[in-house]
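Below is a short briefing on one protein structure. Please look over the sequence and the model before reading the points that follow.

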Amino acid sequence: ACDQIRYISGLPGQQEPGVVLELGNELYLGRQGLPRFPSGESYAEQMVEVVACARKHMPKAMIAAVGAPGHWNQGLRKNAHLFDAISWHAYEPSGSQVNPGGDNNFTNLADRVSFIAGYGRAVSQQAAAQVKADVGVAKPLVHSEFGYGLDHPGQCVLDELLNGALHGAFHVSRIIEAI
């Protein structure tokens with residue numbers, strides 16, 4: 001892992017402020033984390049040396065732990081001080097909640113944009129509160145995977161540009177909430 005971090009640190013832009021180094025991806029899923037990372041606690045303990053290496057080679061980077069609400073994040077608690085942030089993957093709202101004729105039966109764009117912006121703000125607040133409860137300390141969330149607005153070609157219910165606009169509204173609401 002340290003050799004990989006050393007390599008990454010030499011790539012263009014990696015020594016700039018604002019770089020985020022997420023130490024893994026979805027390791028809380030058995031097919032990705034087992035047998036090496038059976039729990040958040042095991043993962044955090046194994047990241048001690050990796051974080052030290054990252055701090056040495058990428059001193060301006062924000063170091064993010066792999067996060068997942070509940071039991072996994074609770075396992076990070078003992079070593080939460082190692083990390084600057086916790087990663088967060090959010091794949092909601094679903095298209096069926098937003099699209100015309102869907103669960104909420106929105107008939108105009110203004111209603112859809114308002115729903116998505118409010119949803120993004122509300123879910124960000126909930127996620128931040130959940131991380132604080134699980135980890136025992138407030139940590140910024142690194143939103144490293146998302147799904148809304150990224151329907152596969154041919155599966156879009158909305159016009160491509162409208163889908164992108166709604167997706168943008170969703171993430172702008174999260175940025176505003178963070179500020």
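The protein chain of this predicted model contains 8 helices and 4 strands. Read from the N terminus, its elements follow the order α-β-α-α-α-β-α-β-α-α-β-α.

**The chain as a whole**

- The protein chain has 179 residues, and 40% of them are buried.
- About 9900 Å² of the protein chain is exposed, and 56% of this area comes from carbon and sulfur atoms.
- Take the contacts between residues at least 6 apart in sequence: 68% of them join residues at least 24 apart.

**The disulfide**

- The count of disulfides in the model is 1.
- Cys 2 and Cys 53 form a disulfide, and their sulfur atoms lie 2.0 Å apart. The cut-off for a disulfide is a pair of cysteine sulfur atoms within 2.5 Å, so this pair qualifies.
- The angle about the S-S bond is 80 degrees, and the link of Cys 2 and Cys 53 is right-handed.
- Which parts of the chain does the pair tie together? Cys 2 belongs to helix H1 (residues 2–9) and Cys 53 to helix H4 (residues 48–57), so the disulfide ties together parts that are 51 residues apart in sequence.
- Are the two cysteines buried or exposed? Cys 2 has a relative accessible area of 30%, which makes this residue partly exposed. Cys 53 has a relative accessible area of 6% and is buried. The cut-off for buried is under 20% relative accessible area, so Cys 53 falls below it and Cys 2 does not.

**Strand E3 and its cover**

- Strand E3 (residues 85–90) is mostly covered, with 6 of its 6 residues buried.
- In a regular strand, side chains alternate between the two faces of the sheet.
- In E3, Ala 85, Ser 87 and His 89 point one way. Ile 86, Trp 88 and Ala 90 point the other way. The residues of both sets are buried.

**E2, H5 and E3**

- How many bridges join strand E2 (residues 62–65) to E3? There are 2 bridges, and the two strands run parallel.
- Ala 64 has Ala 85 as its bridge partner in E3.
- Between these strands, the chain passes from E2 through helix H5 (residues 71–76) to E3. This β-α-β crossover is right-handed.
- Ala 85 thus appears under two topics: as a buried residue of E3 and as the bridge partner of Ala 64.

Methods. Residues are numbered from 1 along each chain as its sequence is written. This is a predicted model: local features need pLDDT of at least 70, side-chain atom pairs count only at pLDDT 80 or more; totals for chains, interfaces and linings use all residues. Side-chain values use heavy atoms; hydrogens and water are left out. Buried means under 20% relative accessible area, exposed over 50%, partly exposed in between (1.4 Å probe, protein chains only). Two strands pair if DSSP finds at least two bridges between them. A crossover is right-handed if, with the strands pointing away from the viewer, the path from the first strand over the helix to the second runs clockwise. Contact means heavy atoms within 4.5 Å. Accessible areas come from the Shrake-Rupley method with a 1.4 Å probe; for residues, only the protein chains shown count as cover.
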